[in-house]
Amino acid sequence: MTGRLYRVGRSKTGLGLFATDIIAKGTLIAVYRGRYLRNEQADKLADRGNKYLYEINNRWTIDGSNRRNLARYANHSCRPNAESDVTRQKKVIIRAIKKIRPGDEITYDYGEDYFDLIIKPLGCKCDKCQEKRSEQRRLARKKRLAKKARVEAAQARAAQADMAQATKARSKALASKARKTGSKTGSKQPTAKQIVSKPVVAKRAVPMQDALEQRKAA
């Protein structure tokens with residue numbers, strides 16, 4: 001145990017294996033240990049919820065559910081830094097396929113069958129899948145914003161068109177009203193009446209002497 005290159009620590013999926021030193025490519029990291037079961041027995045345990053069953057051939061499966069099997073804490077990844085392999089002695093080993101740095105989580109691909117049955121329905125939480133989902137969300141958000149911008153632009157163009165049409169209709173109505181008003185005022189325009197002045201008859205002035213004589217005669 002003194003040469004162990006990993007430790008058990010908290011991971012995104014619960015517990016995981018993390019490198020405590022530099023692990024070179026090709027290095028044997030751990031051995032997947034457990035009791036050997038016939039595949040028929042393993043199938044029954046799988047139906048009861050056992051998720052630590054490693055099938056090594058068409059007859060035998062290793063039950064790695066014992067907690068002393070520290071290799072069971074190595075989680076699945078779609079972009080792993082390790083791999084599992086079955087030796088001639090029917091042992092399951094975990095081996096580095098690239099340089100692993102201290103603090104990195106040690107992961108390997110659980111295989112297509114396990115992924116489809118166990119991981120996929122719950123959603124894979126490995127870094128690659130999370131990056132993929134994050135990129136998908138970013139693209140979906142970009143599409144939503146682009147669609148919203150197109151809708152708002154179309155609404156703005158429609159509003160401008162409605163305003164222009166309303167302005168045109170109002171101008172047309174005002175012009176029509178002005179024409180009607182002009183035609184009415186032209187037909188009933190009052191004519192200037194001629195002013196006929198009557199001749200003023202001037203009274204004849206009676207001389208003062210004749211007036212005196214008329215008084216005397218009376």
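Which side chain meets lysine 12 in a salt bridge? Aspartate 127 does, with 2.4 Å from N to O. I'll come back to that pair. One caution before the tour: this is a predicted model.

Start with the overall layout. The chain has 4 helices and 10 strands. From the N terminus, the order is β-β-β-β-α-β-β-β-β-β-β-α-α-α. There are 218 residues, and buried ones make up 22% of them. The exposed area is about 17,500 Å². Carbon and sulfur atoms supply 53% of that area. Now contacts. Take those between residues at least 6 apart in sequence: 61% of them join residues at least 24 apart.

On to salt bridges. Searching the whole structure gives 5. I'll walk through three pairs and one network.

Back to lysine 12 and aspartate 127, whose side chains form a salt bridge. This pair links distant parts of the chain, 115 residues apart. Lysine 12 sits in the loop between β1 (6–11) and β2 (14–19). Aspartate 127 sits in helix α3, and that helix covers residues 127–187. How accessible are the two partners? Lysine 12 is partly exposed, at 49% relative accessible area. Aspartate 127 is also partly exposed, at 42%.

Second pair: arginine 79 and glutamate 131. Their closest N and O atoms are 3.0 Å apart. Arginine 79 is in the loop between β7 (75–76) and β8 (82–86), and glutamate 131 is in helix α3, so the bridge ties together parts 52 residues apart in sequence. Arginine 79 is partly exposed, with a relative accessible area of 43%. Glutamate 131 counts as partly exposed too, at 46%. So helix α3 holds a partner in this pair, just as it holds aspartate 127 in the pair before.

Third pair: glutamate 83 with arginine 95. Here the closest N and O atoms are 3.1 Å apart. The pair joins two strands: glutamate 83 is in β8, and arginine 95 is in β9, residues 92–96. In sequence the partners are 12 residues apart. Is arginine 95 buried or partly exposed? Partly exposed, because its relative accessibility is 23% and buried means under 20%. Glutamate 83 is partly exposed as well, at 33%. This pair also belongs to a network of salt bridges, which links Glu83, Asp85 and Arg95.

Now the surface charge. First, the negative side. Which residues gather in the patch of negative charge? Glu40, Asp43, Asp47, Glu55, Glu112, Asp113 and Asp116. Two helices each supply at least two residues of this patch: α1 (39–47) and α2 (112–119). Look at glutamate 40, which lies in α1. Glutamate 40 counts as exposed, because its relative accessibility is 54% and the cut-off is over 50%.

Then the positive side. Lys168, Lys172, Arg179 and Lys180 gather in a surface patch of positive charge. Take lysine 180 as the example. Lysine 180 is found in helix α3. Lysine 180 is exposed, with a relative accessible area of 56%.

To close, look at helix α3 once more on the model. Aspartate 127 in α3 pairs with the β1–β2 loop through lysine 12. Glutamate 131 in α3 pairs with arginine 79, in the loop between β7 and β8. Lysine 180, a member of the positive patch, is in α3 as well. That's the tour.

Terms used. Residues are numbered from 1 along each chain as its sequence is written. This is a predicted model: local features need pLDDT of at least 70, side-chain atom pairs count only at pLDDT 80 or more; totals for chains, interfaces and linings use all residues. Side-chain values use heavy atoms; hydrogens and water are left out. Patches are made of residues with over 30% relative accessible area and no salt bridge: like charges are joined within 9 Å, nonpolar side chains (Val, Leu, Ile, Met, Phe, Trp, Tyr) within 5 Å. Accessible areas come from the Shrake-Rupley method with a 1.4 Å probe; for residues, only the protein chains shown count as cover. A salt bridge is a side-chain nitrogen of Lys or Arg within 4 Å of a carboxyl oxygen of Asp or Glu. Lys and Arg count as positive and Asp and Glu as negative; His and the chain ends are not counted. The place of a charge is taken as NZ of Lys, CZ of Arg, CG of Asp or CD of Glu. Buried means under 20% relative accessible area, exposed over 50%, partly exposed in between (1.4 Å probe, protein chains only). Contact means heavy atoms within 4.5 Å.
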